[in-house]
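Ready for a few exercises at the screen? Have a go at each task before you read its solution.

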Amino acid sequence: MSDAAGTPPAGPGVTGAGASASGRGLVRRRRRRWVRAGALAAGALVLAAAGAGWVVYAELDGNITADGEAARELARYEEERPTSLVKDAQNLLLIGSDSRAGDGNRAYGRDPGTERSDTTILLHLAAGRHSATAVSLPRDLMVDVPGCLGRDGTRTEPTSTMLNYAFEKGGSACAIRTVEKLTGIRIDHHVVVDFSGFKKMVDAVDGVEICLTEPIHDKAARLRLPAGRVKLNGEQALGYVRARKSLGDGSDTDRMDRQQRFLGALVDKVRGNGVLLNPVKLDPVLDAATSSLTTDPSLASLRGLYAFVRGLRDIPTERVQFLTVPREPYARDADRDQLAEPAARELFARLRTDRPVTVARETPRDPAARGGAGEEPSDRAEPGGTGPSPAPTFRGNTAAEHACG
């Protein structure tokens, strides 16, 4: 018999509407509990990962030494320093220190209480980060060094001498002021790295491959290498880039060319080996890159370094350029260098105004022969021409043309 609505009564084993709603609610409540439990577990994993990441971050962040003394000294002379002309373009001075202080550096000789700039490189990053240009400045280049605060706390007198004197006597602030005076280019950041830091960086990327046209057996540089394709570890790489008298023609020119080719190979290795996108590979590289570094305060943290280099990963290797500043034998001492004009002035003007710089292993003509004395280089139209004069080509190479290219 049916009820008034014509619906048969629910019998045993038959689920009515109320019972059905109750069952679905129970299922939903159980599902919510599992979702909450899963969310808590996932949250715990995220927090654990974040905690581990923070430990790594804090460790790497603490590796970098902030050069507060240099910052204070530069602030003292702010009014005389060049101004930045192009927004977003950046200039960094990289100084390779030959200090023997520290456990990783003592093997290279006694610490005489001095610290000189074994290598000085001016790195220009174009606005928009479409190119990077690294200019080697010879340590024997004759320059005007301003009066600086010496390492002993006394003030040095202005003098005309070799470039590496500035860092030896007045540290990074004096080196920066000297380079700014020489080039008219504002130095936004600086990095000082010692022997130990360089070796760690090479070892962290599992060595760097170069090609040698002949074997090397150099006791002073601690090198014994066969001809052909060779992968250098950190110790070997340091000897290779520092050797001067026994490799090539024994000149500082040949040494700087070797350094530039090696840096090109290092850049190519880091970009082509998945290092930047692989946390397992990146962690030791970051650890090596941050240890033994002294930088200006704004770079002395992972956040600061990341903000500086984040655009570099998009620069193609053929637009990462290396060259040595145009120079010639010093008039009073052939063992020293002086700027070759007007080529050096033209190079500095282009970097200062963020105009293109082109490099080639063989230039069509000597850059030192370009232009007339006292003429500021420009891209203005040549007389009778229809467009701007072509950008000059300087002798150098790119990261795409490294030693095994």
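Below are five tasks, each followed by a worked solution.

Before you start, note that this is a predicted model: local features need pLDDT of at least 70, side-chain atom pairs count only at pLDDT 80 or more, and totals for chains, interfaces and linings use all residues. Residues are numbered from 1 along each chain as its sequence is written, and side-chain values use heavy atoms, with hydrogens and water left out.

**Exercise 1. Find the disulfide and work out which parts it ties together.**

Step 1: Look for a pair of cysteine sulfur atoms within 2.5 Å, which is what counts as a disulfide. Cys148 and Cys174 form one, with their sulfur atoms 2.2 Å apart.
Step 2: Place the two ends. Cys148 is in the loop between strand 5 (142–145) and strand 6 (159–162), and Cys174 is in helix 3 (residues 164–183), so the link ties together parts 26 residues apart in sequence. (Helices, H or I with at least four residues, and strands, E with at least two, are DSSP runs numbered from the N terminus.)
Step 3: Check the handedness. The angle about the S-S bond is 75°, and the link of Cys148 and Cys174 is right-handed.
Step 4: Check accessibility. Buried means under 20% relative accessible area, exposed over 50%, and partly exposed in between, with a 1.4 Å probe and protein chains only. Cys148 at 1% is buried, and Cys174 at 3% is buried too.

**Exercise 2. Sort residues of helix 2 into buried and exposed.**

Step 1: In helix 2 (residues 68–76), pick out the buried residues Ala70, Glu73 and Leu74. They cover an arc of only 100° around the axis, so they sit on the same side of helix 2; the arc is taken from the directions from the helix axis to the C-beta atoms.
Step 2: Turn to the other side of helix 2, where Arg72, Ala75 and Arg76 are exposed.
Step 3: Find the packing partners. The buried residues of helix 2 pack against helix 3 and strand 7 (189–193), where contact means heavy atoms within 4.5 Å.

**Exercise 3. Which element gives the most to the largest nonpolar core?**

Step 1: Define the set. A nonpolar core consists of buried Ala, Val, Leu, Ile, Met, Phe, Trp, Tyr and Cys residues joined through side-chain atoms within 4.5 Å. The largest one has 34 residues, and Leu93, Val325 and Leu347 are among those with the most contacts inside it.
Step 2: List the elements giving two or more residues to this core: helix 2, strand 2 (90–97), strand 5, helix 3 and helix 9 (343–352).
Step 3: Pick the winner. Helix 3 gives the most, with 8 residues.

**Exercise 4. Trace the order of the open sheet and find its edges.**

Step 1: Read off the order of the 9 strands, 1-12-7-2-3-4-13-17-16, with mixed pairing. Two strands pair if DSSP finds at least two bridges between them.
Step 2: Go to the edges. Strand 1 (65–66) and strand 16 (358–360) each have a single partner strand, so one side of each is left without a neighbour in the sheet.
Step 3: Inspect one pairing. Strand 2 and strand 7 run parallel and are joined by 5 bridges.

**Exercise 5. Where is Asp206, and is it buried or exposed?**

Step 1: Locate Asp206 in the loop between helix 4 (195–204) and strand 8 (208–212).
Step 2: Check the backbone. Asp206 has a positive phi of about 65°, although it is not a glycine.
Step 3: Read its accessibility. Asp206 is exposed, with a relative accessible area of 52%.
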